[in-house]
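The following exercises concern charge pairing, backbone geometry and empty space in one protein model. Each task is followed by a solution in steps.

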Amino acid sequence: MSTLTLGIIVIIYMFVIAWLGYLGYRQTKNASDYLLGGRKVNPIIMALSYGATFISASAIVGFGGVAATFGMGIQWLCLLNMFMGVVVAFIFFGRRTRKLGEAHNARTFPQLLGLHYKSRSIQIFIASIIFIGMPLYAAVVMKGGAVFIEQMFHIDLHLALLIFTLIVAAYVITGGIKGVLYTDALQAVIMFACMLFLLFYHIMDMGFIEANQKLTDIAPMVPERFKALGHQGWTAMPISGSPQWYTLVTSLILGVGIGCLAQPQLVVRFMMVESTKQLNRGVLIGCVFLIVTVGAIYHVGALSNLFFLKTEGVVASEAVKDMDKIIPLFINKAMPEWFGAVFMLCILSASMSTLSAQFHTMGAAFGADAFPKLGRSKNPNSTLGVRIGVLCSILVSYVICYTLSASIIARGTALFMGICAATFLPTYFCSLYWKGATRQGVLASLWVGGLASLFAMLFLHKAEAAPVGLCKALFGQDVLIDVYPWHAIDPILFALPLSAITIVLVSLATQKKAF
């Protein structure tokens, strides 16, 4: 398909996105509309937005590349995401979150917990973690979208990144959460249809059983560098206890599977609907959406090895050294030309839906939580502070994107979600289920979770500690404990239990002084 045709399709898509963003702008009258859509969001729109926000370019490009490189073991993440990210999140967290948000008239995740524990310090701490930490997650999503645009249009990556960033910035800054929700719903439909076609196309082309058997049969072709890490083939889990097993299970599956429960941009969507009954309607929609979208790309990602073996004579990881570029190249070469354009819209949709939610969340953390009086001296309903926060977060994420290394998309996603789980999840859970949690316990848990995650990443977990180099500069070695498997265990396995234990022990010790 010619670049001109692709360009026309993208321009039409962008005009539709711009129109939806304008609708959001027209319907945004005050801060409540900008942050929560007036708490009267249609449940179907909310569920589609939740799913679209959940599934980003990192899931399609990054984790699809992981599936192509290491196999279908990543499908366990799909099941965990569906169970934890939808069933548990909506039923056990969503209902109570909506009621708690309504009771406190909370508009953001930091405000929800800050008002519940009657602590401005808690609100500021959570907002700071969001505004400082989330740009890393946003940057890897931006890279995923930009890499695909680069591959499809054959343009410079820097130009692709700039164009992509400006488009997202335009409708998030102006349209608020309603603009985000409307565009998310459209993008979710595109993603779902695209992934469903992709899966059925390959099943019909190769046959489900036949393709999986062929994939099993080429296990001896696993590259030697991956065999040394525990890779046993693309239809088998890695060797238990091997470096690849620890990366897959502790970092990717547990980091993302558990971390999704404490994602601020997802939690806030529970506070947008008018009733618990409406929230219940989103469970089925969310489950079907997740199992089709991520399940399809993980399966097809692994099957891409058969295509590269047939056309290039080598498996995917040998044909494309950067796993973040495997899926874009595979789609470009293996699928019909017209589908390349449609899939590009799918990647754009996945990236834009997640980025818009992230930027909106970071902007809210800045303008509604950290500096709530900014721009409101004359108009109490002004959203200037939030818009300034959105702009700052976009600029920071854009700069970080230039520092990212190859094959970072999946790892960067898991990293941020793991930090959120360790820092926020015990506090969030206790706000819903344990009245005994105290301000002192919550603050201690937040600090312990955040610092334990940071310490583990800088001094214990080799995947981050070695590239950063701080541990080596101070102590002369990549990690403090260079005994296997300690340097392969993800920080979430250290930090989350410590954070949970801390909130319980400190709360029990300070209950007599509690509010």
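A salt bridge is a side-chain nitrogen of Lys or Arg within 4 Å of a carboxyl oxygen of Asp or Glu. The model is predicted, so local features need pLDDT of at least 70 and side-chain atom pairs count only at pLDDT 80 or more, whereas totals for chains, interfaces and linings use all residues. Residues are numbered from 1 along each chain as its sequence is written, and side-chain values use heavy atoms, with hydrogens and water left out.

**Exercise 1. Salt bridges**

Determine how many salt bridges the whole structure contains, and state which residues are linked in a network.

Step 1. The search of the whole structure yields 6 salt bridges.

Step 2. Arg 225, Glu 318 and Lys 321 are linked in a network of such bridges. Within this network, the side chains of Glu 318 and Lys 321 meet at 3.5 Å, N to O.

Step 3. Accessibility is classed by relative accessible area (buried under 20%, exposed over 50%, partly exposed in between; 1.4 Å probe, protein chains only). Glu 318 is partly exposed at 29%, and Lys 321 is exposed at 59%.

**Exercise 2. A pair across the sequence**

Identify where Lys 143 and Asp 324 lie, and decide whether they are buried or exposed.

Step 1. Lys 143 and Asp 324 form a salt bridge, with their closest N and O atoms 3.7 Å apart.

Step 2. Lys 143 belongs to helix 7 (residues 120-153) and Asp 324 to the loop between helix 15 (316-319) and helix 16 (326-334), so the pair ties together parts that are 181 residues apart in sequence. Helices here are DSSP runs (H or I, at least four residues), numbered from the N terminus.

Step 3. Both Lys 143 and Asp 324 are buried.

**Exercise 3. Helix 5 and its end**

Describe the salt bridge of Arg 98, the bend of helix 5 and the backbone just after this helix.

Step 1. Arg 98 and Glu 102 pair at 3.4 Å, N to O. Both lie in helix 5 (residues 75-104), 4 residues apart, about one turn of the helix.

Step 2. Arg 98 is buried at 8% relative accessible area, whereas Glu 102 is partly exposed at 46%.

Step 3. Helix 5 bends by about 60 degrees at Ala 89, the bend being the angle between axes fitted to the seven residues ending there and the seven starting there.

Step 4. Most residues other than glycine have a negative phi, and most peptide bonds are trans. Asn 105, just after helix 5, has a positive phi of about 55 degrees. This residue sits in the loop between helix 5 and helix 6 (109-116).

**Exercise 4. The second largest pocket**

State the volume of the second largest pocket and which helix gives the largest share of its lining.

Step 1. A pocket is an open set of points on a 1 Å grid over the protein atoms alone, where a 1.4 Å probe fits, with protein on both sides within 12 Å along at least five of seven lines; lining residues have an atom within 4 Å of a point.

Step 2. The volume, the space filled by probe spheres set on the points, is about 270 Å³.

Step 3. The lining comprises 13 residues, and those nearest the centre are Asp 205, Met 206, Leu 306, Phe 307 and Lys 310. Helix 14 provides the largest share, 6 residues.

Technical notes: Helices (H or I, at least four residues) and strands (E, at least two) are DSSP runs, numbered from the N terminus.
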